[in-house]
Structures are given as C-alpha cells and as structure tokens.
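Me: I'm new to this one, so could you walk me through it step by step? Let me pull it up first.

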Amino acid sequence: MYGEVPQAAKALVGVRVLNQVGAFALAFLAVLAGPGAAPVVLAVFGVAALVSRWGGGVLLDRLAPRSVIVLGLAATGAALVGLACARTSAELVVATALVGLAFEIYEPATQEMLARVSAGGRREEAYRLLGTSLVAAGAIGGLIAAVLLPLGVRWLLAADAVTCVAAAVVAAFFLEKGGGRTVRARGRWRPTPLLLRLTLAGTAFACGYLAVMMFVPFLLLERGAPGWLPGVLLTAAALLAPLTAQLGRGALGRASHVVVLAAGTALLGAFAFLLALAGGVVVTVVGYLGWVAADSLLLGRWQALIADAAPEADRPRWFAFHGSSWGIAQPAVPVLVGGAAGVAGGTGTAAMLVGAVAFMLVPLAMATGEGGG
C-alpha cells in the first residue's frame, strides 16, 4: 500500500503510532481536574502546548530531529508521571503546565524528519501514511481507554506515560542517526506573507475540524442516539479513513496541494452544514461518515504543502509556525460554539455551523496563497 515510502519514514511512523496508542489520557484532563479547576487547567495546558511546539522548532537549530523526538517523548512521559501523582490543585496546575511544555516538542521534528527522508510524491505518501496510521492507532487507544477508565483517570495517565517512554526508547534505537541540526541564516526570523496566509487557512481548517470532532458525540446524544452509538461511530470512522484515503490516492495523486485542500475543505463545509441541518440520528451518522471520507482525502496534504513551500533552512520554523494554528483553534472552538449555541438552537447544531463556516473560509484564504503541489 505504501511501498514507495522510504524505510526511515516508516520507522518514524512506527514510533509515532506506538506513542499514539496511549495518547488518550489528556482527553480526560477535565475529568481529573474536576469542574472547579477544569477551566484553569485546560487553559494552562493549551498555552503551554503552543509554547512547546515553538520550542520544538527552536531546538532543531541545535539538535538533530531524532534527538528532539527522543527528548520530547521522554519529557512528555516523565511529565505525565508527575501529573498522575498530582493531588492538590496547585500540583495539578504545575504538572499540567509541564506536560504541555513537553507535549508538542516532537511534532516539528517529526514533520522535518519526514521531509528530509522523502521527496516529491514520496513525501506526500509519507505524510499520508503518518496521518492514516495515527487515526488507526487512535481507534486502538480508544479501546484501551474503555478498559482502563473504570479504574480511574490516573491509570490512563500512567498508560500514556508508558507508551511515551517506550516510543522514546524505540526512537533512540531505530530512527536514523543521520541529519544534523538545521543550519539557518543569521538574523531575526520572520514569517513570510505566504506562510502567514497558509497559517490563517490552517487555523480556519483546525477550527472547523475540532468543531466537528469535539461535538459529534454530543450532537448524536442531543438527537436521541443510544449511549453506545458515539463510541461505535468513532471506531467505524477510524477504520473507514485509511480505506477512503487509499481510494483517493490515485484519483488525486497529481493534483496540487492547494487545489485539493481548497476543494476538500469546501466539501467538508458542505458535510458540516448537512450535519447541522440533519433532523435525525441516521442522517447524522451518514453525514459524519461522509465527512470522515472527505477529510481522509486531505491527510498529509498540509504537511506536504509546507514542506514543499518552505526554504530548507527555515523549514522547522515553518512547521512550528503553521502548526500553531491547532494551538489557537483548541481554546477558540469552545468559545465560538458557546457563542453560537444561543442562536443555533442547541450546542451540537451550533458546533456544526461553526465548523461549516470555518471550512468555507479556507478556500478564500488558499485562493490568495501560492506554492504547493
């Protein structure tokens, strides 16, 4: 299926999959914090995670990608142990901040390492393989979480820590040692107008994506679905995405990243509008699976676009800057949904409308961009 992907890229994907299998604990961070401390804890984590992504980009000026990946995974595992042991509110906030500061360090290094070991069409395939593999690993992680959650959230944190440390060990032994630090030109770095436009488009995409993903389970329950259906639907979606991504691989293989992203997000927006207007559980399920299939066609496209458009010396900074769009979207989406809920007739419907509008903004931003493909 991905025979053209270099072996070094497959090894890196394996490391990330091992980590992703346990990356479910932070979804229950609000449960651990409790209703009183949850807003503060989640805000602290969001800010710290945004800082850590930038820190990961800066570390690539001094360290090779493999070293940054190992450091980030090991630091995240150690911080999760501290979070699992936290008892007081102060300890919880401090431990959460430490987890956030480590949480995204390895992300720019992952993108940079894949860019270095692949090129051309193989680069897009490598990023798509990463995306589909992480989705599949998330489905496995969800099953593990279902088993451990009755024992308590701290058991989830412990399992997450174990997979982080295990992934760090595997990365240290099996990832390529070649490739030193990034050699950048002297002088102050500033994002280019192209990068700013692509990051604006990426932020709109992230807002749309999170609005749908975070609130689809709520929407289903709001429309009278049985309690077991959201979990089954998310598992079905995780199994569907790799299949539809492979089907779209041949049809869209030669299309430019800008064209595919613009057209694909318009389609995602249409499905989000369908989810907002749907009146029953069956239509909601079908609409969401259609949304998942459309989203799978975009897997790897954003990363490949940035890798192709960025100057080689500045590529880690481009990955870090563009990736900050997710750090901005994560706290913004609940605020946007909350503001729209009063006029949309329900929180779930409001989330789908927010997602639809956000997706429709992406082609507008992409239309003024350049590069890619």
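Me: Let's start with Trp326: where does it stand between buried and exposed?
Reply: This is a predicted model, and in it Trp326 has a relative accessible area of 32%. Trp326 is partly exposed because that value falls between the 20% limit for buried and the 50% limit for exposed.

Me: Which ring does Trp326 pair with, and at what angle?
Reply: Trp326 pairs with Phe205, the ring centres being 6.3 Å apart and the planes at 80°, so the pair is edge-to-face. The pair links distant parts of the chain, with Phe205 in helix α8 and Trp326 in helix α13 (residues 315-344), 121 residues apart.

Me: And Phe205, buried or exposed?
Reply: Phe205 counts as buried, because its relative accessibility is 6% and buried means under 20%.

Me: Which residues form one aromatic cluster with those two?
Reply: Along with Phe205 and Trp326, the cluster takes in Tyr209, Tyr288, Trp291, Trp302 and Phe359.

Me: How many aromatic pairs are there in the whole structure?
Reply: A search of the whole structure gives 12 aromatic pairs. One of them joins Phe45 and Phe103, whose ring centres lie 5.2 Å apart with the planes at 65°, so this pair is edge-to-face. It also links distant parts of the chain, since Phe45 belongs to helix α2 (residues 29-59) and Phe103 to helix α4 (residues 89-103), 58 residues apart. Phe45 counts as buried at 7% relative accessibility, whereas Phe103 is partly exposed at 24%.

Me: Changing topic, what about the nonpolar core, how many residues are in the largest one?
Reply: The largest nonpolar core has 84 residues, and those with the most contacts inside it are Ile69, Val212, Tyr288, Trp302, Met352 and Met366. Helix α8 (residues 193-222) gives the largest share of this core, with 15 residues. Apart from it lies another core, of 27 residues, among them Ala33, Ala84, Ala95 and Val99.

Me: What does Ile69 touch?
Reply: Leaving out residues up to four places away in sequence, Ile69 touches Leu12, Tyr106, Ala109, Thr110, Met113, Ala171 and Leu175.

Me: Back to α8, how far apart are its end C-alpha atoms, and what should it span?
Reply: The 30 residues of α8 should span 44 Å at 1.5 Å a residue, and its end C-alpha atoms are 42 Å apart, which agrees.

Me: Where does α8 bend?
Reply: The bend is at Phe215 and comes to about 50°, with a proline, Pro217, following within four residues. Just after α8, Gly224 takes a positive phi of about 95°.

Note on methods
Residues numbered from 1 in each chain as written. Predicted model: local features only at pLDDT ≥ 70, side-chain atom pairs only at ≥ 80, totals over all residues. Heavy atoms only, no water. Core = buried A, V, L, I, M, F, W, Y, C linked by side-chain atoms within 4.5 Å. Buried < 20%, exposed > 50% of the residue type's maximum accessible area, 1.4 Å probe, protein only. Helix = DSSP H or I, 4+ residues; strand = E, 2+ residues; numbered from the N terminus. Contact = heavy atoms within 4.5 Å. Phe/Tyr/Trp six-rings, centres within 6.5 Å; stacked < 30°, edge-to-face > 60°. Expected span 1.5 Å × (residues − 1). Bend = angle between axes of the 7 residues up to and from the residue.
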